[in-house]
Structures are given as structure tokens and as C-alpha cells.
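Subject: Structure handover

Hello,

The structure we discussed is below, together with its sequence. My notes on what I found follow underneath; please read them with the structure open.

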Amino acid sequence: MKDVGFGMTVQDKNAPDLVPLYRLSDEMGMEFATATLHNSFYFVEAKNIIHDRPMVAKNFEALINELLRSNSPKKWFRAYFNHGLINYLYGQKRLLPCDMSFDTFFIDPYGDVMPCNGTKDKEVMGNLNTQSWDALWSSPEAEAVRAKVRHCDRDCWMIGSVSPAMHKYIWKPGFWVLTHKFKALFTKTPYSMYELKVCRDYRDGQVSKEELDRCSTCDLNCVVNNGLSAASQEQLRHKSGEEIVDADIADQLRQ
Ligand code: SF4
């Protein structure tokens, strides 16, 4: 079976399973994708946070070294993605610029076009049920969203926004991969999380956990906006989302 694999959202509770699960997927010849905790309207969550950053980062570090030792260029670039995940979970600036809404976008089931699914509130550029693509893409609403993206400080690191950035700014991950593949000629552990200054600073007591927590998008006082329209909210007052989907499928089957 092609293009089937494991996906793991790594956090405090499951981080020690990261490398064993990767090895299992590798033995089965399957893809292995990783992510870590994010907060956004799309996830209907604002309180996600990693507590033991060094422990989680150590597990990512072990995975990165396994990926770098493989013979697969795809895995080498996945190693870079996981390096970026360590950087993200320490609340640092993205390793690559974010150009969502300029050359990439996200469409939800309601036809709303957005820059991404990582923003705190739903940022709508337009709706494909009511506008043509050309009108939407050049609308003042789309420009306003682009201005917000240029100042976005969420620094998320999800494959949807990172993959296009890795292709666009290929020389950055490419140089990283080359450097670490060269190191892999001489050592079994070509990568260290302490290549990131923030990891060294935290280890050396230059920065505290509380300071790093403040760099995260976790907001304990946030009222989460789930991004649903008023009409959808009204529907959910009387039925569960599952009942709405079941009724819709049954209706389509009848037709
Ligand atoms: S950094 Fe980019 S992908 Fe993340 S929330 Fe901001 S605009 Fe969206």
C-alpha cells in the first residue's frame, strides 16, 4: 500500500514512544510524519503546551539522528523538519519565513479561504461559495489577511506551512542536510539539539521555563473561537456534529 503511514503529535506523555514507533513504521515500510502541540481556532484549543521541553527535544534529537543515518533524502529533509519542531517547542522564531496567503492557502468545508489553520482566530480572505477565485484572491479582505500574516508572531511549525517554505527556501534546509550528512560520515550522532542556542541557554540557566512558557501560544485565559459560522453554531444547538454528518450522508445516499 502506497502513501500510508503513521502520524504522531509528540507531547510530554508520548515523546518516549517516538523512536520506537518510527522504527516500527520503518520496518513496515511505512511513512512516518511528526507534529507537536499547537493552539489555534481550528484545533479549538488554546491551552496546549509542552511542559518538559528538554525531555521532548531529546526524543526528537534521537529521531533526527536516525533519519540522518538513513539512505533516504526524504528522511534527511524530515530530519530538518524535526529540528524545526525542537526550535518551535522552545518558542523561537520560525527557521523559515511564512508566506501563507501569498502562495499557499487553506480552504475549510464551508468554502472559507484562509491563510492557514494556525491562527488564533479564523482569518477569512473570502468565500468560494459567494465569490470567484480571482475576485477573492485580489480582494481587500485577502490583502488585510496578508498584512496580518506578515506580522504573525505565532511561529508555528506545521507541515502545511513548512513544506512550501522548505521548497521555496530550499538552500536553507539543503545546507543543513549537507552539513549533517557530512558529519554523519564520522559519527553516529551527527545532530545535537544544543546546536540551537535556546537549548543551550535553557540548559545553562540563562532562560527560565516561565520565560519559555510566555513565548508559546498557550493562553490559559483565552476564550477559544472555534471558527464556525453563526448558522453552523445554531445547527449544533440541536444536534451533534456527528448526527449532522450522518444525516447528510444518508441524504446523499438517498439521492
Ligand atoms: S506563522 Fe504562518 S502558518 Fe503559522 S499562524 Fe502565522 S500565518 Fe499561519
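The notes below go from the overall picture to single residues.

Please keep in mind that this is a predicted model. The mean pLDDT of the protein is 92, and 97% of the residues reach 70 or more. Confidence peaks in H2, with a mean of 98, and is lowest in helix H10 (residues 230-238), where the mean is 73. Where pLDDT is low, the predicted coordinates should not be read in detail.

Overall make-up

The protein has 255 residues, of which 28% are buried. There are 11 helices and 5 strands, and the C-alpha trace spans about 60 × 45 × 35 Å along its principal axes. Of the contacts with a separation of 6 or more, 67% are between residues 24 or more positions apart.

Strands

E1 (residues 5-10) pairs with E2 in the parallel sense, over 6 bridges. Within this pairing, glycine 7 has alanine 33 of E2 as its bridge partner. The side chains of E2 alternate: Phe32, Thr34 and Thr36 point to one face and are buried, whereas Glu31, Ala33 and Ala35 point to the other and are not.

Another 3 strands make an open antiparallel sheet in the order E3-E4-E5. Its edge strands are E3 (106-107) and E5 (126-127), each pairing on one side only. E4 and E5 are joined by 2 bridges, and valine 113 stands opposite glycine 126 in E5.

Nonpolar core

The largest nonpolar core has 41 residues, and Phe60 and Leu89 touch the most other members. Elements that each supply at least two residues include helix H1 (18-27), helix H2 (53-69), helix H3 (73-89) and strand E4 (112-114). H3 gives the most, with 8 residues. Setting aside neighbours within four places in sequence, leucine 89 is in contact with Thr36, Ile50, Arg53, Val56 and Ala57. Thr36 is also one of the buried residues of E2.

Ligand surroundings

Which residues surround the ligand? They are Cys98, Met100, Pro115, Cys116, Gly118, Thr119, Val149, Cys152, Arg154, Asp155, Cys156 and Ser161. By class, this shell has 7 nonpolar, 3 polar and 2 charged residues.

The loop between E2 and H2

Asparagine 48 is found in this loop. Apart from neighbours within four places in sequence, asparagine 48 is in contact with Leu37, His38, Asn39 and Cys218. Asparagine 48 has 16 other C-beta atoms within 10 Å, so it is partly exposed. The C-alpha atoms of asparagine 48 and aspartate 99 are separated by 24 Å, with the two positions 51 residues apart along the chain.

Valine 44 is in the loop between E2 and H2 as well. Is valine 44 buried or exposed? Valine 44 has 12 other C-beta atoms within 10 Å and is therefore exposed.

Positive phi angles

Most residues other than glycine have a negative phi. Valine 44 has a positive phi of about 50° although it is not a glycine. Serine 101, in the loop between H3 and E3, also has a positive phi, near 80°. Serine 101 counts as buried because 24 C-beta neighbours lie inside 10 Å, and the cut-off for that is 20 or more.

Regards

Methods: Residues are numbered from 1 along each chain as its sequence is written. A nonpolar core is a set of buried Ala, Val, Leu, Ile, Met, Phe, Trp, Tyr and Cys residues joined through C-beta atoms within 7 Å. Helices (H or I, at least four residues) and strands (E, at least two) are DSSP runs, numbered from the N terminus. Two residues are in contact if their C-beta atoms, placed from the backbone, lie within 7 Å. A residue is near a molecule or strand if its C-beta atom, placed from the backbone, lies within 6 Å of it. Ala, Val, Leu, Ile, Met, Phe, Trp, Tyr, Cys and Pro count as nonpolar, Asp, Glu, Lys and Arg as charged, and the others, Gly among them, as polar. pLDDT is the predictor's confidence in each residue, from 0 to 100. Two strands pair if DSSP finds at least two bridges between them.
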